[in-house]
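Trainee: Please pick a single part of this model and take me through it closely, with the cut-offs behind each term.

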Amino acid sequence: MSRTAGTTRDSRTPGTAPGAGLPGTTPDPVTPDAAAPGSRTALRVCPLCEATCGLTLTIEGTRVTGARGDREDVFSKGFLCPKGASFGAADGDPDRLRTPLVREDGVLREATWEEAFDAVAAGLRAVVDRYGPHAVGIVLGNPNVHTMAGALYPGVLLSALGTRSVFTASTVDQMPKHVSSGLLFGDANAIPVPDLDRTDHLLVIGANPLESNGSLCTAPDFPGRLKALRARGGRLTVIDPRRTRTARLADRHVAVRPGTDALLLAAMAHVLLEEKLADPGDLTPHLQGVDELADALADFTPEAAAEACDVPADTIRELARELAAAPTAAVYGRIGSCTVPHGTLASWLVDVLNILTGNLDRPGGALFPLAATDRTPRPAGPGHGFALGRWHSRVSRHPEAKGELPLSALAEEIDTATPEGTPVRAVVAVAANPVLSAPDGDRLDKALDALDFMVSVDPYLNETSRHAHVVLPPPPPSQSAHHDFAFNTLAVRNQVRYNRPAVPLEPGRMAETEILARLVLAATGRHGADPSAVDTMVVDSTLAKAVRDTHGPVHGRDPRELAAALGGETGPERRLDLMLRLGPYGDGFGARPDGLTLDRLLAEPHGIDLGPLRSRLPQPLKTRSGRIELLPAPIADDLPRLRDALRERPAALVLVGRRHLRSNNSWMHNVPALTGGSNRCTLHIHPEDAARLGLADGAAVRVKGAGGEVTAPAEVTDAVRRGVVSLPHGWGHDRPGTRMSHAALDPGVNVNQLLDGSLLDPLSGTAVLNGVPVELAPAETGV
């Protein structure tokens, strides 16, 4: 648990910043900035993407005026991308809401926090008391995993309220990986990540980490890590229908037909088995179903898959042979291979390839991270496994996955009556903008307007929060504490960092942790109680379980004594200290004197390096068999659908999404420094397709899909393969009633309006966003 060699203890003096970040919390250690008289600096992990880079903020008064990479950060070592450099602009955006809004006579007006929570309690309890908890829909957006509040409180809300109407951004993103991991390993959160710094061969499918900075693979300076891979003689292969920045860096780029990722991966697995190249090695004792897997993939020969994938059979065989021949290798797939008709099968096959080549759970392959706030590893053995479809959505009978229903089904769950069950009558949206992120935003727009009650926790009045009866705005990131609970479970190196607020909480604002704690109380009939009661409840229940755990570090001890020993100045800090102490590196409340605590972490402001990823099997396995179940029944049952895809005729033109380095979904289009230039909402189209359809570069094009149509300017480029067009997601800021002035100047179009929400990966409920058929025509002639 030593810090990275070469770093030194920070000399900042605690308490030199005025005021407090959270009530009763000392702001982060700061120091005068020699380059700017009168200013000071503070450390902060960037919350604007999954890379979690360490920043050094320059602060004048209470305003962040600059950001640079923290060279002493144990993980990012000074790396910075344009989003991090624009932290101050995003933090100080004048369009951020500063006070709650409450709807009165159809109009949102500024209100006090007391008025706002009175309205929340009255509105939500009226729905629960009349219709039951399932009539309250909880919608959680992507930013929740970037904040402490989003990690610590939504689970408490769901548990206390008892609703099954849960919808999150996962089902327009990574849910297939959770489902495949659950089925393979018994734990939906046991996601192996590529060991980027030690691998000899990296195969990337459906991911563009030079633009996204990585996803389900937390790695500051992903570009530098890929360049280092090649510099040490390693090989990078990218499979993507677009020649992305990542593809341009690669040794080999394979322009697969969108939506056929699972077919290509299945054919590669077939080659490994057919040519006796499969060698699981040390994994063999942990595997179940190898022979059944060979039979299940028998039909997916390279020759059978070649036409559907538009990848030559010889190329498929070469990809498999190169993977098998590499000293170490890792296959990494992301959103392009998740948000397709066979997203769960593609995610499953990514790990099947890692397993068959013996690269799962070994250095240089794909390993399971161990975060500081994970539970203390328990003895290996069979677990409860992972189940799908424990309940179903009311209208279309979609099965739940990981406790969630498809975000695509939210609109119909609100606006459609059925003989059984009650429609969703109230919505709690936390950092969510599904009008832009879910298919058919127009239908959802209308449905939200018809709700009995809606509360939105959001810093902006955006396309979704404008429908709310109450808007509760959290403070900007500089005024919040920060720890990456989720991303450390996906990090390419084990480490831990924590920042107290960089500047004090502005008068009239409320900490996001307190907002969500009060929301829990209001929704569960305890409005008016001290919000600290929520943290106390969690601490008490966690310790009560911990002292009963015969394998845990505090078995048999007095939970009251343990609670009294917790450090931290706030409830969230006490909960963090609790998780650190009970975690795999923790002190176990004195059982391991050199172990991790909050106090020790506070003494290391650049973080603590916990070392490279290590082999961990069989400990992470929670399947009923206690082994990796290579061919679980839901996967086997879905393979006939993939076989049918071998014979499907492709559409003439299909749509894929894209990401820009200076954006993150719909978050950042209101920050001038992050828009313009190449970050524009244009339709990428291949020159041959443009010529065939009579579309000129820069001309307006009407794009029509099953859910509607949009008009966007054409950008003719050979960066997309023939038969493929691309629109970025997160745009469409042209709806009335929002307060995002810069985004409205260049609103773009909502690509998800081209979808009607009917296309889903059946195992995970994830929307099909890539490889969907579209029609194009010059805007003036119509479609």
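Mentor: What follows is mainly about the packing of helix 10 against helix 13. The model is predicted, so local features need pLDDT of at least 70 and side-chain atom pairs count only at pLDDT 80 or more, while totals for chains, interfaces and linings use all residues. Residues are numbered from 1 along each chain as its sequence is written, and side-chain values use heavy atoms, without hydrogens and water. Helices (H or I, at least four residues) and strands (E, at least two) are DSSP runs, numbered from the N terminus. Helix 10 spans residues 261-274 and helix 13 residues 313-325; they pack at about 60°, with axes 9 Å apart. Axes are lines fitted to C-alpha atoms, for helices over the stretch in contact, and angles run from 0 to 180 degrees between N-to-C directions. The angle therefore makes helix 10 oblique to helix 13 (under 35 degrees is roughly parallel, over 145 roughly antiparallel, 65 to 115 roughly perpendicular, the rest oblique). Their crossing is right-handed, the near helix being turned clockwise from the far one by less than a right angle. In contact (heavy atoms within 4.5 Å) are Leu264, Ala267, Met268, Val271, Leu272 and Glu274 of helix 10 with Ile316, Arg317, Leu319, Ala320, Leu323 and Ala324 of helix 13. By class, this contact has 10 nonpolar, no polar and two charged residues. Ala, Val, Leu, Ile, Met, Phe, Trp, Tyr, Cys and Pro count as nonpolar, Asp, Glu, Lys and Arg as charged, and the others, Gly among them, as polar. Outside this pair, the peptide bond from Leu617 to Pro618 is cis, with omega near 5°.
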